[in-house]
Amino acid sequence: MRADAAVPEALRTPPLTDGAVTPASLDEQVLRFPETKPPRKWFLALAFTASLMTVGLALIGYTIYTGIGVWGNNRPVFWAFDIINFVFWVGIGHAGTLISAILFLFRKTWRNAIARFAEAMTIFAVMCAGLFPLIHVGRPWLAFWLFPYPNQRALWTNFRSPLLWDVFAVSTYFSVSLMFWYLGLIPDLASMRDRTQSPFRRKIYTVLSLGWRGAASHWSHYEKAYLLLAGLATGLVLSVHSVVSFDFAVSLVPGWHMTIFPPYFVAGAIFAGFAMVVIVLVVVRETMNLKNLITDFHLEVMNKVILGMSCLMAYSYLMEGFTAWYSMNPYLHHVFRQYVGGTYGWAGLLTICCNVLIPQILWFRRARRSYFWMIFVSVAVTVGMWFERFVIIVISLHQDYLPSSWHVYKPTLVDFGILFGSFGLFFTLVLVFARVLPVIATTEVKMVLPGAQPGRHGAP
Amino acid sequence: MVTAETAAEPGGKAFAVLGLFETAEDILAAAQGLRDKGLGRLEAYTPYPVHGLDAALGHRRSPLAGMVLVMGFIGAVSAFLFQMWATGIDYPIVVGGKAPMAWQAFIPILFEVMVLFATFTAGLGMLLLMNRLPFYGHPILSSASIGKITRDRFALSLEAYGGAFDAREARAALEEAGATEVEVLPAPEPSGPWSANYLLKGFFAVGAACLVAGYATYWAVKLFPVLPPMVHMEDQPKLDPQEPSALFRDGRGMQSPPSGTVARGFLPYSPAAPEEAAGLANPLPRTEPVLDRGQKAYRTHCAVCHGVLGDGVPTLTASYGAKPANLQARAIRELSDGKIYDAIVRGKNAMPSYAPHLSVEDRWSVVHYVRVLQRAQNATDEDLERGGRP
Amino acid sequence: MIRSPRWLLASAAVGAAGVGASWSFSPPERFWSNWLLWFLFFATLALGALFLVALEHLVGARWSVPLRRMPERLSSLLFLAAALGAAALLSLPVLYPWTRPEAHHDPFVVGKLHAWLNAPFFSARFVACVALWVLSYWVLVRGSLRQDATADPALTVRFRRFAPAFMAIYAVSVTLLAFDWLSSLDPAWYSDIFGVYVFAGSFLSGLAATALGAVHLLERGRLGGVRRDHLYNLGGFLFAFTVFWSYIGFAQYMLMWYADLPEEVYWYADRTGSGWQFVVLGLAVVHFVIPFFALIPREKKGEHGPLKRIAALYLLAHLLDLYWLIFPSNFKSPVFSWPEASFAIFFVSVGFLWVRRSMAMGRDAPEGDPFLKEGLEFRL
């Protein structure tokens, strides 16, 4: 077959790295961060995020001590910031798994430079997320009742409740992500063990790297395990946020019982997660001088994913609106009118603007390559996705079937404090991670550098 | 060819000879060449997985995939069966209209547990079972080459594996194959407590302990109490509600009271006609507890129709239809206590009998309270002067 | 697989006779339900194939370039589907309750008759979709065929630019096929995931037909250069989307089961009672259980025999899926007799004939594509 047409510039794939990178230079560039003292900016940033986190944790303590009454939750809006924040953070975690696992299955080697950070963000996001179901139950010290253990009450948990499915899904997601991330870290920890001059650090890295020595027989099992974990984690991405969406979709609340919720929530999670990844990666590549490894191409591809997801969200909103009308259900009609009008109509319009309209800027290549525009879009998406959950939860609850129960919801300062505190927790963990562990999976990048693998001359 | 030789272990016999190579292609070629020479067990150490090296070294395919499939299946089936058993057999309750054996509701947890089992098999199976990691005693970890290996060099090692091992022959073969450096490694140290074997045993021990403790709790709570003699507390000879009984003709333990039974506090009412009731006297004294009781009973049963003030203005809506008596009316104020009592017991006109609702004491307390209401609404100047005292 | 055309023409003739007999002797619901089944089968398959083409352009995939001509040829079935759909417009008064006067008494239906569920608007929507399909076919498929001769890379840039637009067209088309032709058979019922459900089946059938066609060509010595690695990827996609289809199908079912709302759950009650439970159980087996376990072993995904068999099974499963979606609205119990068999014989023959003819379109691989060389070099 004739196969010699030339490839035009616009269609060529850019190289993996900007400029020449060797394994040694890679190690030098990335692995020196845990060994050196962070700059002043880092300490300032950490001080800021840590104070936010402390305030948030203090307010959580206050809530546990005094009771959920210090929040704005009241009838009929019994779920508000607590569940909004939970869904928000779990969603943010999904981008990391997608980059780590799904892009690995598609053999997109460019993912190797960003997978480590993305996975770390998943774990931190799920930690932030897990906080909320724990504190919103009112008696968090009894949270162990959620697990089905044989007990003196002879009771079992209610397996038919989506809240319990959540418990299993989120704990599975957290443990699997942690294991996947840790397994990826082992060879890098071995590199750090062999590089470090400090005997104290050497001991720590030795223990953590489990004595990894790069044996080929070990690598073959390792690669198999990694592939299997990637495949399983992909299933988790779909299932965990679908289970979270079941919290709403199995109910009768108008606006919640929409069958499109599972894929819609998953798309929204990927959407919000990628926005967060873009924001963090822009900061990382600039402050840690990693522009040759986290290239413009990486950012552009992630922006394209954000754009694609925005279109999926547009489809979902369209389907929701159309189906709500098509259902001829007067309660559903009312709630959907409240989504864009009424007390909280501004939130619905903000959601559509931030999630559907603003990301359309990314159709333009210039915007995909400009820090200003991509950060603007990503922040808008983060805000928009938080408000999307607000719209779904608060608006549907505050005016559902019985008009005598309708009531306006007002969040309290404690609600806001805990929300910002969760951001503080997340960014504190991110900042600490960036200086303690290698932010780029050096082993994985080494594997795909040009010349890294033997050429396949005459191989079948 | 540079040959750096580090000291072999103090005993004398080398454990392995390591040859370093510059590129992945070099080590692949070398491995293919050295494989069938029979100089020792061939192993490679690389900073990242090199494609084709497994085949060149003759490694078998990793069995992890099969293990993961099996464990995933076990996870799925056990999660499903456990939910079915716990919800449908051990303690069946209907919740939210869902039948106890609602398989549809068990699928999400089935899936998550399947993934959990599968991923932990993949991760921990790979580390603990297949690679026997953690293992801190391998001699290469303290060699001079390890730093180069984890950075960017590739190493082939010929290891002593049962039988004779000639370090010099191995070294020569490696140099011939293109090694830029050669190092000799001593024997490994015995593994300490933090090794894969101990961890595996530890996990199984903990797992077994959990299973034992769980079953013990379950047995102690559910199965033990129904063994004799503990079950004797539960199986008592008395007749519990809903239990059958051979004593009675219809076989039921619960029987209706025979006719003529009088409930406590509900003495039969003797006056045959309302006129006879006029003579009944209020047996209760007019004390504060009695009046409180009367107020409570009145507000519960009577105020609905007769009004809180007893003025016949009900709290019901006008759509009710019947017009309750105004207890403030002169005719009723002049009625005797007995007549009021009779109205409560027998009913009057549209008012039904309240005998089932009010015990004898309640009725007389209400009568007292009605008198209080009547007096309150028809107070005289003297009452004001006296401050309402009798 | 495909023998001499004479054999096919004969079976088509036999089938046509049966279809004609069904037109004369079967009740109209029977005839039109079958017609609708095959119209939607070809429409979803062709759209799924075109979606595969556009997806490759959208993400810049290279491994699938040597295989791309197969789905491009399959998408010519869109014209067959358009013709069948135009005829199916005659079925509106027969199959669809909202065309009948009693719809005005159903509170869940009467409000949307004026704005949405009326024959003129319904037909207009269908015509608009067909126009967009023709446009997409012209840009993507005819453009690719032109590229065979000219090898102009600017065409690839055009494909890449058009791909997002096609995604929007596809989303709207599949959603409309789902809502208009399938779900309005029960006009009171609604499910907003239904478009996604039909998409899953559509993409799967496009993939399966592509795999079937590719293996067929490989066994005849054509499509040289396409290796196990390429087929493995196709098998991988089939596996992944089996899981996706099952997930969407189960999500819709479980949510409706859980809330148990009378205005939703009757749709499932109709489809899980009076014999239909065996059909849906069979659907779960052929659409999920068998392909899932058959495609798990790594080897099977890339081998000719297993891939061909699984692909054929998928097409059968997609038919069964559509059958289960369409027929219970008008038939209390599953029906399978000479009408269904005749329609099957006729349309399978016509389908094969059509695809056979399309195999003459252009070269077996998109030879003008600048990435063909890279695609052929693809290794796992």
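## Confidence, shape and contacts of a three-chain model

Among the elements of chain A, helix 1 of chain A has the lowest mean pLDDT, 92, and helix 11 (residues 345–357) of chain A has the highest, 97. Here pLDDT is the predictor's confidence in each residue, on a scale from 0 to 100. Helices (H or I, at least four residues) and strands (E, at least two) are DSSP runs, numbered from the N terminus. Over residues 1–5 of chain A the pLDDT is below 50. Beyond near neighbours in sequence, that stretch has 15 contacts in the model. Two residues are in contact if their C-beta atoms, placed from the backbone, lie within 7 Å. For chain A, the mean pLDDT is 93, and 97% of its residues reach 70 or more.

This is a predicted model: local features need pLDDT of at least 70, side-chain atom pairs count only at pLDDT 80 or more, and totals for chains, interfaces and linings use all residues. Residues are numbered from 1 along each chain as its sequence is written, while chains are lettered from A and ligands numbered from 1 in the order in which they are written.

### Chains B and C

| Chain | Helices | Strands | C-alpha span along principal axes |
|---|---|---|---|
| Chain B | 13 helices | 4 strands | about 135 × 60 × 40 Å |
| Chain C | 16 helices | 0 strands | about 65 × 45 × 40 Å |

Chain B has 13 helices and 4 strands. Its radius of gyration is 47 Å, well over the 21 Å that the globule rule gives for 390 residues, so chain B is more spread out than a compact globule. The radius is taken over C-alpha atoms, and the globule rule is 2.2 Å times the number of residues to the power 0.38.

Chain C has 16 helices and 0 strands. Its radius of gyration is 21 Å, close to the 21 Å given by the globule rule for 380 residues, so chain C is as compact as a globular protein of that length.

### Inside chain B

The domain assignment of chain B gives domain 1 (1–191), domain 2 (200–237) and domain 3 (275–385). Such bounds come from an automatic or database domain assignment. The C-alpha centres of domain 2 and domain 3 of chain B lie 62 Å apart.

Chain B also holds an open sheet of 4 strands, in the order 2-3-1-4, with antiparallel pairing. Two strands pair if DSSP finds at least two bridges between them. The edge strands are strand 2 (41–45) and strand 4 (181–185) of chain B, and each pairs on one side only. Strand 1 (residues 16–21) and strand 3 (residues 154–159) of chain B pair in the antiparallel sense over 6 bridges. B:Leu20 stands opposite B:Ala155 in strand 3 of chain B.

Helix 6 (residues 167–177) of chain B lies across strand 1, strand 3 and strand 4 of chain B, running at about 10° to strand 1. Axes are lines fitted to C-alpha atoms, for helices over the stretch in contact, and angles run from 0 to 180 degrees between N-to-C directions.

### Where chain A touches its partners

The contact between chain A and chain B takes 59 residues from chain A and 65 residues from chain B. Helix 7 of chain A gives the largest share of chain A's side, 18 residues.

The contact between chain A and chain C takes 29 residues from chain A and 34 residues from chain C. Helix 9 of chain A gives the most to chain A's side, with 5 residues.
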